[in-house]
Amino acid sequence: LFRPQRITLKRPFERSVSVLHVSRGGSSQPAVPQPSQAVPTAVLTGGDTNDTPSPATPSKSKFPIAKREFPQFAQMSILMFLFIYVFTTARDTKDTLIVSSAGAEAIPFLKLYGVMPCATLFIVGYSKLSDAVGKHTLFCTTVLSFFAFYVLFAFVLFPLRDTLHFLPAPGVTSSPAQLLLRYWSYSLYFIVSELYASAGVPLLFWQCANDVTSLSKA
């Protein structure tokens, strides 16, 4: 008969397991310990160990723009330059015209009673137009409106300023509000330039840039 013997197992984290072999005659002999086998990392991770992505190396180029993106980059740079150029020219010119004709004290009055109502009307009109037409038509309509006014002022209003303005009689003093009405073309130029400062680069350019540039290229 076989005589049962106690079998002792070591803890799982130990390298070898000692198991007593039960012989037919009742003597016990220790079993030959088996070398422990390490579990491959690929089994635990579910793939090959070489599939681990290496950290991305930073670009060493000083001009990190692909060749296929350069035409779009050049076009957007030229467009932004033109927007800023017109804005800078109009900003410097509008202050000069008002100060030389109505005085510096007329600027706050013009901003309060001229720029603010016109800005409100511009926002309402722009919102209504954006619901009626597409983005391309909206951009072209707004830009061409500013462009048409500046062309009209440069070739019609400013050359005929002495005829169009209501010049005061010699020796008659006028208030800043009256002077703004007398030199109405300068006041209109100031108002349009203030609107362009708020709608040029902050609204029109960045809206165009977001529409033509995908998220992967940004």
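Which residue just after α2 takes a positive phi? Gly 103 does, with a phi of about 95°. This is a predicted model, in which local features need pLDDT of at least 70 and side-chain atom pairs count only at pLDDT 80 or more, whereas totals for chains, interfaces and linings use all residues. Residues are numbered from 1 along each chain as its sequence is written, and side-chain values use heavy atoms, with hydrogens and water left out.

Helix α2 (helices being DSSP runs of H or I, at least four residues, numbered from the N terminus) has 32 residues and reaches 47 Å from its first C-alpha to its last. That span is close to the 46 Å expected at 1.5 Å a residue, the expected value being 1.5 Å times one less than the number of residues.

Lys 94 lies in this helix and is buried, with a relative accessible area of 6%; buried means under 20% relative accessible area, with a 1.4 Å probe and protein chains only. Leaving aside neighbours within four places in sequence, Lys 94 is in contact (heavy atoms within 4.5 Å) with Tyr 189, Phe 190, Ser 193 and Glu 194. Other buried residues of α2 include Phe 83, Ala 90 and Leu 97.

The helices that help to cover the buried residues of α2 include the following.

| Helix | Residues |
|---|---|
| α3 | 106–132 |
| α6 | 176–182 |
| α7 | 184–212 |

Helix α4 is also among those covering the buried residues of α2.

Methods:
Helices (H or I, at least four residues) and strands (E, at least two) are DSSP runs, numbered from the N terminus. Buried means under 20% relative accessible area, exposed over 50%, partly exposed in between (1.4 Å probe, protein chains only).
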